[in-house]
Amino acid sequence: MFPRMQFYRLISIFGSFLAGTWLPLRMIGFTPPLVFEILFDLSISVVSAVNIYLYFKDNELDYRKKKYWKRIPVLLDLLCIVPFSLMAMFHDSGSSFYYLLLINLLSVRHIKNIRKFMDGYPSIHPVTFRIIPLLVSMPLLVHIVSCGWIALGSGTVGNDPDQTLTYVRAVYWSFTTLTTVGYGDISAKSIPQMLYACCIQVIGVGVFGFILSNVAAILARSDAARNHHMDNLDKVETFMNMHRIPDRLRNKIRTYYHYMWMNKKGYQDDSLLQGLPSKIQSELLLFINRSIIEKVPFLKGADPDMLSELMNQLATKVFVPEEKVFKFGDPGDALYFIQNGEVEIQTKEGVSIATLKDGAFFGEMALISDKPRMATAMSKSYCDIYVLSKESFEKVIASYPQFKSHIHETMEKRKTA
Ligand code: CMP
């Protein structure tokens with residue numbers, strides 16, 4: 001069900017929008033049928049009451065305590081409840097009274113509730129989160145500024161008979177002034193217009209900064225991974241220059257970073273997982289590691305609990321070409337699964353015994369026999385390898401006999417090869 005507070009927030013946003021569009025129009029003499037006028041004005045009063053309710057709820061204040069009713073936000077909303085524009089309509093000297101409806105315009109500030117409303121939807125994309133408030137508040141501001149400009153004579157001395165053109169010209173003036181572009185083709189002629197233009201230019205500096213910072217943040221976020229990678233590259237280049245690293249080694253380092261970018265978008269999976277609850281971590285790991293599960297024959301269709309446990313224990317490592325994963329005689333401390341790449345198994349003298357590819361595992365013999373490595377494992381290309389530590393390996397084989405028997409089967413075949 002739609003939560004109650006969200007419903008009130010929606011009303012508050014709607015009310016801000018109504019006040020922001022309707023009241024300025026009213027000020028420049030736009031007159032809809034009387035019934036709409038009354039309806040709009042009363043809606044603004046009702047929404048102002050809702051805004052007071054939201055203020056008390058959001059700040060967890062007790063409405064029975066008088067002192068809270070003296071706070072400025074509450075007083076402003078109390079003022080907005082008074083339907084000044086309706087009073088103007090029925091007052092004899094109505095036209096001078098109309099300026100009072102600017103007071104009702106104060107309720108437009110609640111347009112900021114749009115952020116709190118969106119907070120209720122955690123799956124919204126961060127870019128959308130920034131764009132929507134901008135898309136809603138900018139046109140509203142331009143509309144209000146434009147109506148103010150029209151009320152002051154639109155940069156002309158007399159009245160323009162074409163109202164649509166007058167409005168469009170005012171919007172054009174507002175946009176160029178608020179964004180500090182200011183072409184100057186429509187300019188202030190009278191003193192009130194000049195003073196108004198000065199105020200809007202000052203607001204414009206803030207608006208311009210606001211738009212610029214939001215757009216910059218959206219652009220930066222839209223390609224956060226690439227920016228992160230570029231930052232890393234800059235640091236690495238500075239480091240290499242500082243230490244006068246030879247060209248051959250520089251190229252190796254650059255190729256490594258390029259590989260990391262192409263395959264992992266510059267991020268090591270593990271770092272992003274920390275901080276997530278373990279249940280979501282397991283689910284995420286199963287998804288991220290689905291390729292290894294697909295590639296290793298005995299993991300395909302294996303017990304989901306076993307897979308989950310295995311994925312929690314696996315660590316990823318990247319090996320560059322010609323790098324030794326381990327060498328003959330090393331103690332057996334881990335089992336390795338190849339996700340991508342080629343690993344050559346070599347004798348002590350460097351003669352190739354076998355070449356293992358995606359989905360193969362190696363390093364099981366030393367773990368099972370508790371003897372040193374009987375061969376060297378050397379990467380032949382860039383390799384993404386999953387490492388299962390000895391302790392984790394022992395835990396998994398103790399709990400899941402089918403895992404143990406598969407490893408044993410492969411080991412026996414290799415021994416007789
Ligand atoms: P381990 O002795 O721990 O370290 C070297 C590894 O090379 C060994 O475990 C096996 O996983 C692997 N290996 C040994 N012989 C072969 C073979 N004939 N084919 C494929 N892999 C092998």
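**Exercises on the ligand site and helix 1**

An oxygen atom of the ligand is placed 2.6 Å from an N or O atom in the side chain of glutamate 364. This is a predicted model, in which local features need pLDDT of at least 70, side-chain atom pairs count only at pLDDT 80 or more, and totals for chains, interfaces and linings use all residues. Residues are numbered from 1 along each chain as its sequence is written, and side-chain values use heavy atoms, with hydrogens and water left out.

**Exercise 1.** State which other N or O atoms, of methionine 365 and of arginine 414, pair with oxygen of the ligand, and how much of the ligand the protein covers.

*Solution.* Apply the polar-contact criterion (a pair of N or O atoms within 3.5 Å). For methionine 365, a backbone N or O atom lies 3.4 Å from a ligand oxygen. For arginine 414, a side-chain N or O atom is 3.2 Å from an oxygen of the ligand. Of the 460 Å² of accessible area that the ligand has on its own, the protein covers 94% (Shrake-Rupley method, 1.4 Å probe).

**Exercise 2.** Describe the composition of the shell around the ligand.

*Solution.* Begin with the count: 14 residues surround the ligand, and Gly363, Glu364, Ala366, Arg373 and Met374 are the closest (near: a heavy atom within 4 Å). Next, sort the shell by class: ten nonpolar, one polar and three charged, with Gly counted as polar. Finally, assign elements: strand 5 (352-356) and helix 17 (364-369) each supply at least two shell residues (DSSP runs; helices H or I, at least four residues; strands E, at least two).

**Exercise 3.** Compare the span of helix 1 with the expected value.

*Solution.* Helix 1 (residues 4-27) has 24 residues. The expected span is 1.5 Å times one less than the number of residues, giving 34 Å, and the helix reaches 34 Å from its first C-alpha to its last. Glycine 29 follows helix 1, with a positive phi near 95 degrees.

Technical notes:
A polar contact is a pair of N or O atoms within 3.5 Å; within protein, one must be able to donate a hydrogen and the other to accept it, and residues adjacent in sequence count only if both atoms are side-chain atoms.
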